[in-house]
2 protein chains.
Amino acid sequence: MDSIVSLVQKCKKAGLKLTPQRLAIFKTLDGNKTHPTVDSIYQSLKKDFPTMSLTTVYNTLETLYEMGEIIKLDIDPDKAHFDPDNKKHHHFKCSSCGKIVDVLINFSEILENVELQNSNFTITDFNINFRGICDFCSKKN
Amino acid sequence: MDSIVSLVQKCKKAGLKLTPQRLAIFKTLDGNKTHPTVDSIYQSLKKDFPTMSLTTVYNTLETLYEMGEIIKLDIDPDKAHFDPDNKKHHHFKCSSCGKIVDVLINFSEILENVELQNSNFTITDFNINFRGICDFCSKKN
DNA sequence: TTTCTAATTTGTAATGATTATTTTATAATT
DNA sequence: AATTATAAAATAATCATTACAAATTAGAAA
């Protein structure tokens, strides 16, 4: 996701209104490495915005997603997690505690490999989901 | 997934009953490369088993999944797709028609790469989800 | 073959995430 | 300040999945 200031610019250009709710969601996402869900964002904002609606969080995240500002993760089949870091990277989900963490290694060579063998498919994107046990859960046992 | 005959052996050993419904689901999965969902299996079996229940399909697939006989895909956030091919491989989903196809290339070297940089995480598994446009949809335009 | 029992099937209800809809409110512009 | 298009909020609807309870049945044992 862009910095708040450039995001504000983009919104103005796109004719999107800068409501307090949107700005609050932007700020919650900014630099957020917890891979939040709609509900976790909603819960964290309810305190300061008692009137905040779940729908607003859904809508704003969907808008940001369509703008390409945030990533929607598929690593958790139960609910969507979002990532304001839209630079190419991958994810690891701990099978024990459910925590999702970034895997920042670059695997771009994968694409060439696949394109080679499937020349009739146009691959626009890929992501790798890792599963296992995180350091914290390992230490617990 | 094992062949039907070895699967039947496994079930007997595990004390699982071989009901007509289960056998029908086994047969539907056997060699199935369409990455079926619970509902698609249910729909295809309703004709021959008018009494078949969606719950039974859910239960049987869950059982097979827990036995490690089938894979549960996370490439479609809307619903679970299953794959009776439990040999390590990956998937491609066409953004246009939604079709899911196998990517059979071996990427095991990825693991070593990650283990190296995250020595405190134990990675048990990973899968790659590719997205793009399939050959059929490419030709259409 | 018949009986017995634990496992399974089935139908239905509950849950939880997401989407749709409608009314009210408001940001941004004139 | 008035206008208007956009957004927020509240609520209802939808859809996949899970939970549950009652009826059925596969398979073992008599």
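This report describes how two protein chains meet each other and a DNA strand in a predicted model.

Residues are numbered from 1 along each chain as its sequence is written, and chains are lettered from A and ligands numbered from 1 in the order in which they are written. Because the model is predicted, local features need pLDDT of at least 70 and side-chain atom pairs count only at pLDDT 80 or more, whereas totals for chains, interfaces and linings use all residues.

**The contact between the chains**

Chain A and chain B each bring 29 residues to their contact, where two residues are in contact if their C-beta atoms, placed from the backbone, lie within 7 Å. On the side of chain A that touches chain B, two or more residues come from each of helix H5 (109-117), strand E5 (122-133) and helix H6 (135-140) of chain A, with E5(A) giving the largest share, 12 residues. Helices (H or I, at least four residues) and strands (E, at least two) are DSSP runs, numbered from the N terminus.

E5(A) and strand E5 (residues 122-133) of chain B run antiparallel and are joined by 11 bridges, and Phe126(A) stands opposite Phe130(B) in E5(B). The two belong to an open sheet of 6 strands with mixed pairing, in the order E4(A)-E3(A)-E5(A)-E5(B)-E3(B)-E4(B), where strands pair if DSSP finds at least two bridges between them. Its edge strands, each pairing on one side only, are strand E4 (100-103) of chain A and strand E4 (100-103) of chain B.

**Symmetry**

A rotation of 180 degrees with 0.0 Å of shift along its axis superposes chain A on chain B with an RMSD of 0.1 Å, the fit being by least squares on the C-alpha atoms of residues with pLDDT of at least 70 in both copies. The two copies are thus related as by a two-fold rotation axis. Of the residues of chain A, Ile128(A) comes closest to this axis, at 2.2 Å (C-alpha). The copies meet through the same surface, because 100% of the interface residues of chain A are also interface residues in chain B.

**The surface near DNA strand C**

Of the 25 residues around DNA strand C, Leu18(A), Ala80(A), Thr19(B), Ser53(B) and Thr55(B) come nearest; a residue is near if its C-beta atom, placed from the backbone, lies within 6 Å of the strand. Two or more residues come from each of helix H3 (38-46) and helix H4 (54-66) of chain A, and helix H2 (20-29) and helix H4 (54-66) of chain B, and H4(B) gives the largest share, 4 residues.

The table sets out the classes, in which Ala, Val, Leu, Ile, Met, Phe, Trp, Tyr, Cys and Pro count as nonpolar, Asp, Glu, Lys and Arg as charged, and the others, Gly among them, as polar.

| Surface | Nonpolar | Polar | Charged |
|---|---|---|---|
| Side of chain A that touches chain B | 16 residues | 9 residues | 4 residues |
| Surface near DNA strand C | 8 residues | 11 residues | 6 residues |
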